[in-house]
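Work through these short exercises with the sequence and model open. Try each task before you read its solution.

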Amino acid sequence: MYNVTVAYLKSLPIIALIYIYIYIYIYIYIYIYIYIKYIYIYISLYIWQVLRLFKALHRTRQNVFRDDTRALGAAREKINEEFKKYRNETCTETINKMIKIGSDVEVILRKTVIQGVHVEDKKIQLRYREEHLLENQPYCDNPTKKNA
């Protein structure tokens, strides 16, 4: 920054030294404040992603296991247990990996799990959801090329 010697500082009046110290103090304070804000914003982005995933998993759990108290309770305990296990994780790579795994689990639960309900003896009624119903494309022996 500046090449200042002790002799130069001794030759300055006291008021000038006070201004220099105040300037340095303010500069350091602002630098630390900006750095802390950056870290806070960076960490808060991960917190929001994790909380959004936590909420999505619980909503999916409630939708998938509707009216099944045992499955609802077991899924709730497992979700809470996994989030508590990695609660103090600070490595960003691990956090991103866990967010990806949790998102994949939420998609698998939502799209592949079908709830079955015993209706009569040896009969099970399946409860389909909107995610399971797909548009069927008719089969065609002689496909034609589409002009783009």
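A contact means heavy atoms within 4.5 Å. This is a predicted model: local features need pLDDT of at least 70, side-chain atom pairs count only at pLDDT 80 or more, and totals for chains, interfaces and linings use all residues. Residues are numbered from 1 along each chain as its sequence is written, and side-chain values use heavy atoms, with hydrogens and water left out.

**Exercise 1.** Find the residues that G116 touches, leaving out those up to four places away in sequence.

Solution.
- Place G116 in its element: strand β1. Strands (E, at least two residues) and helices (H or I, at least four) are DSSP runs, numbered from the N terminus.
- List the contacts of G116: I124, Q125 and L126.
- Check one distance. The C-alpha atoms of G116 and L126 lie 4.4 Å apart, although ten residues separate them along the chain.
- Classify G116. Its relative accessible area is 43%, so it is partly exposed. Buried means under 20%, exposed over 50%, and partly exposed in between (1.4 Å probe, protein chains only).

**Exercise 2.** Describe how β1 and β2 pair.

Solution.
- Locate the strands: β1 spans residues 115-120 and β2 spans 123-127.
- Give the sense: antiparallel, over five bridges. Two strands pair if DSSP finds at least two bridges between them.
- Look at the turn. E120 stands opposite K123 in β2. Two residues lie between the strands of this hairpin, and K122 takes a positive phi near 65°.

**Exercise 3.** Set the hairpin in the whole chain: what pattern does the sequence follow?

Solution.
- Count the elements: four helices and two strands.
- Read them in order: α-α-α-α-β-β.
- Add burial: 16% of the 148 residues count as buried.

**Exercise 4.** Identify the largest nonpolar core and the contacts of L72.

Solution.
- Name the core's five residues: V64, F65, L72, A75 and L109. Such a core is a set of buried Ala, Val, Leu, Ile, Met, Phe, Trp, Tyr and Cys residues joined through side-chain atoms within 4.5 Å.
- Take L72. Not counting residues up to four places away in sequence, L72 touches R61, Q62, F65 and D67.
- Compare the two lists: F65 belongs to the core and also touches L72.
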